[in-house]
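Work through these exercises with the model open beside you. Try each task before you read its solution.

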Amino acid sequence: MSDEKKFHHLPEHGPIDEKSGKEILLSLKNVDITFGKGDDAVRAVKNASFDIYKGETFSLVGESGSGKTTIGRAVIRVNPCAKGEIQYKGVRISGKTSKSLDREVIRNIQMVFQDPAASLNERATVDYIISEGLYNFHLFKDEKERVAKVEKIIEEVGLLPEHLTRYPHEFSGGQRQRIGLARAMVMDPELVIADEPISALDVSIRAQVLNLLKKFQREKDVTYLFIAHDLSIVRFISDRIGVIYKGDIVEIADAEELFNYPMHPYTRSLISAIPIPDPALEKNKVLFTYDPSMHDYSEDKPELVDIGNNHLVFGNKKEIEEYRTMRANGQKLKSITILDPNDPATREKVDAVEIIKEEDLVLQNPLHDTGSIWYTIGSFFLPPIGLIVGLVFRKFKHFRNWKACKKGALIGLGVLGVIVLLFLLLLGSSLL
């Protein structure tokens, strides 16, 4: 019997993981997500498998284009799975499902989007935006209960009831993200997918939104799939972290385990990119760069394997044995190298990195290096003065202004030369 016929409702609890004894809320099993068809097909996610336990924060980390958001959108069934399946409380929710099951999944899984401006309906009031889910699922007995629910949630996210009559464009980015969070939380979801919810916000506002997320988790036992690209943030809010690179899940571990024992080279490169608060140390830091060509997967194909301590790493048999040995010995791999500025040998390395070509300096132009057309026009009428001014600009690395002056002066000198030549020809013809 097929799943869509067998399951019309979600069970009260999900299956229990044998190793940890925790309830599995969401499970991805060998999921492939592909965009396009035929030769133009792009495999955005490859054989992704991981579990999210009830009540935890599972963070999915990787650079832009790695497939993080693609997985999040697949969980809410926006992106279909080309292979594998997604289970919620042990019930398959990917692919075709019954209408009743579909409504339960929508009700239980909510999403907070990256762009707080684009995710809110500009023509609707805040009151309607937050109430829309309540209307769709009839989650209130009467108008009084609906108003009470909306006012309670708007106050819980740090806004006021009088804000309910306003429109999204009247709020700041941080306030709009609070509205998006209120819209999700008013549904009392079990799972919230937070797709980079703080990347578009100021640093001070980020902390407030993160504190709100943790507050709701404590009070409502909410589970989070937190999607981000910044490891420094997810370290302090995550129970477990999954690292994804070009569609492949390359490492999964508890937050502190991942930072103390990063095994996969890509994870180490992400950790090395975290800024150091000390400017002197940051200046002399050498980034660990990940090179995919270091792996030889031509014959021995890689897999995601548990190397112990609930730590999964992506690699072939040879690499997995090395990772397992290093972890068993408690060997910590170095992700960050700080050069000694007093050592001449390392100083030469730093100096070599800091040498930038003149063409590249154009990209780092000073504030008033605009290359204004007025420099070109002025130099056209007064070429000698334009060249002198241009040389001064060049000395102070105002390369755009220097090029504008040089261009105007050269054109001006050319036009002046043509005028002089024509004058001499006319003078010569008149004498003859």
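**Exercise 1. Describe the second largest pocket: its volume, its lining and the elements that build it.**

Solution. This is a predicted model.

Step 1. Start with the volume. The second largest pocket holds about 420 Å³.

Step 2. Find the residues around it. The lining counts 18 residues. Nearest the centre lie Ile106, Ile109, Gln110, Met111 and Arg183.

Step 3. Assign elements. Helix H3 (99–108), strand S6 (109–112), helix H4 (126–137) and helix H6 (173–185) each give two or more residues to this lining. H4 supplies the largest share, five residues.

Step 4. Sort by class. The lining of the second largest pocket has eleven nonpolar, four polar and three charged residues.

**Exercise 2. Do the same for the largest pocket.**

Solution.

Step 1. The volume of the largest pocket is about 660 Å³.

Step 2. Its lining is made of 28 residues. Ser49, Phe50, Ile252, Leu304 and Leu312 are the closest to the centre.

Step 3. Two or more lining residues come from each of these strands: S1 (24–35), S2 (42–53), S10 (248–254), S12 and S13. S2 gives the most, with eight residues.

Step 4. The classes of the lining of the largest pocket are ten nonpolar, six polar and twelve charged.

**Exercise 3. Check the length of helix H12 (residues 317–328) against the span expected at 1.5 Å a residue.**

Solution.

Step 1. Helix H12 has twelve residues.

Step 2. At 1.5 Å a residue, those twelve should span 16 Å. The expected span counts one less than the number of residues.

Step 3. Compare with the model. The end C-alpha atoms of H12 are 16 Å apart, so the two values agree.

**Exercise 4. Which residues of H12 are buried, and what do they pack against?**

Solution.

Step 1. Apply the cut-off: buried means under 20% relative accessible area. In H12, Glu319, Ile320, Tyr323, Met326 and Arg327 are buried.

Step 2. Look down the axis of H12. The buried residues fall within an arc of 130°, so they line one face of the helix.

Step 3. Turn to the other side of H12. Lys317, Lys318 and Ala328 are exposed there.

Step 4. Find the partners. The buried residues of H12 pack against helix H9 (255–260), helix H10 (265–272), strand S12 (303–306) and strand S13 (312–315). S12 and S13 also help line the largest pocket.

**Exercise 5. Which residue just after H12 takes a positive phi?**

Solution. Step just past the helix. Gly330 has a positive phi of about 70°.

Terms used
Residues are numbered from 1 along each chain as its sequence is written. This is a predicted model: local features need pLDDT of at least 70, side-chain atom pairs count only at pLDDT 80 or more; totals for chains, interfaces and linings use all residues. Side-chain values use heavy atoms; hydrogens and water are left out. Helices (H or I, at least four residues) and strands (E, at least two) are DSSP runs, numbered from the N terminus. Buried means under 20% relative accessible area, exposed over 50%, partly exposed in between (1.4 Å probe, protein chains only). The arc is that of the directions from the helix axis to the C-beta atoms. Contact means heavy atoms within 4.5 Å. On a 1 Å grid over the protein atoms alone, a cavity is a set of points where a 1.4 Å probe fits but cannot get out, and a pocket is an open set with protein on both sides within 12 Å along at least five of seven lines; lining residues have an atom within 4 Å of a point. Grid points are joined across faces, edges and corners, and a volume is the space filled by probe spheres set on the points. Ala, Val, Leu, Ile, Met, Phe, Trp, Tyr, Cys and Pro count as nonpolar, Asp, Glu, Lys and Arg as charged, and the others, Gly among them, as polar.
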